[in-house]
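Student: Please take me through one part of this model in detail. I would like to see how two helices pack, and then what lies elsewhere.

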Amino acid sequence: AQVELGIHEVQRLYLRSWIAWIDLLPGEVSFRLPFPGGMLLGSLLLLNLFAAHLRRFKLSWSKAGLIAVHAGVALLLIGELFTALFSDELQMRLDEGQRSNYSAHPREVELAIIDRMSADEEEVTAIPLGLLEDDAEFKLADFTVRINRFFRNSDFKQEDEAGAEYDPMRADRGLGVGIAVREEPRETAMNRRDLTSAFIEISDPEGNRLGRWLLSNALGEEQTFEVGGETRHMLIRQRRMYHPFSLELLDFTHERYLGTEIPKNFSSRVLLDNPETGEKRETLIYMNHPLRYAGLTFYQSGFDNNDTTSILQVVRNPVWTLPYIACTMVALGLLWIFLQHLIKAVTRRRKSPQK
């Protein structure tokens, strides 16, 4: 399944679901049966572990190792549950000299409607991916947004070059005029993303149609419309997480092994600025030395644009310490059990008669 769907989709469908629907005859014929998902199996394992201890629990030093091992396994299962529920993996792309106060999700998009009230102030209405579907309608303050057609992943072509497999719908406003769109299978490669697109129709409060736009994260540019004498901006973009602080890329360094193009080390010297706390300092992010700040971890992940763009992996996992604690408990419990067996073996050997 991972070959066809990719690791993240497999995690969602099989490992982090209660019921996994597995296709036993992949291909033209679909024959799917329900199997226990990772969440259900983990819960049953955890329940079985607690039930066994409730029935046979005896607090003694001889059982301390076994209790520590089982407690560590239980904590590991609980930690994975919390990780699935509360963790996030995002990216922050920074050009040299650029400052940013948000990270973007590489595999999820949102429809953003932006009202710029001044040069440094804007109001953003973000509609998440889970609500984007054909014929979905969103009534905002003074206009209505309707999704005529939604493509989770898509391909573009000029209208005069498009075949019958392309959707007949067309935009009559904005950058998408004259462009045809067709549905594509979801991307599974780690270094590629879905090109999500949608035909969006805007209506005023009286229901008068203002036009139809083609929005896509592949276009990458904001498009505008006017309603009530005011200009609004809209685009489909990667889902954002805003931070109360900003990072500015001062310098990116990429070292290679001599005579090759193999990366030896790449690092980002960034300026961290937090207006709420007054903190302003420089720090260096490089391989295996992340920046941990405000519950987030910034890893040096990659680079782009001839070594002028740094790509930082941003991880939010409030329970990141649980696996370390769980593995330590298991290791100490096993060590205690092995020591007990060793002591018993040595004692028996000493008591055995000499031949």
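Tutor: Here is the helix pair, followed by the cores and one loop residue. Keep in mind that the model is predicted.

Start with helix α4, residues 64–86, and helix α5, residues 322–351. They pack at an angle of about 165°, and their axes are 7 Å apart. Angles over 145 degrees count as roughly antiparallel. α4 and α5 are therefore roughly antiparallel to each other. Their crossing is left-handed. On the α4 side, the contact residues include A64, G65, L66, A68, G72 and F82. On the α5 side, they include L322, P323, M329, G333 and W336. By class, this contact of α4 with α5 has 18 nonpolar and four polar residues. Charged residues are absent from it.

Now the cores. The largest nonpolar core has 21 residues. L111, V145, I147, I200 and I202 touch the most other members. β4, β7, β10, β11, β12 and β13 each supply at least two residues of this core. Take V145 as a close-up. Leaving out residues up to four places away in sequence, V145 touches L111, I113, I200 and I202, among others. E137 and E201 are also on its list. Another core lies apart from the largest one. This second core has 18 residues, among them L94, F252, Y293 and L296.

Last, the loop between β8 (154–158) and β9 (179–183), where G174 sits. G174 is partly exposed, with a relative accessible area of 45%. Beyond its neighbours within four places in sequence, G174 is in contact with W213 and Q223. The C-alpha atoms of G174 and E108 are separated by 24 Å. Along the chain, these two residues are 66 residues apart.

Conventions: Residues numbered from 1 in each chain as written. Predicted model: local features only at pLDDT ≥ 70, side-chain atom pairs only at ≥ 80, totals over all residues. Heavy atoms only, no water. Core = buried A, V, L, I, M, F, W, Y, C linked by side-chain atoms within 4.5 Å. Buried < 20%, exposed > 50% of the residue type's maximum accessible area, 1.4 Å probe, protein only. Helix = DSSP H or I, 4+ residues; strand = E, 2+ residues; numbered from the N terminus. Contact = heavy atoms within 4.5 Å. Axes fitted to C-alpha atoms, helices over the stretch in contact; angles between N-to-C directions. Parallel < 35°, antiparallel > 145°, perpendicular 65-115°, else oblique. Left-handed = near helix turned anticlockwise from the far one by under 90°. Nonpolar A, V, L, I, M, F, W, Y, C, P; charged D, E, K, R; others polar.
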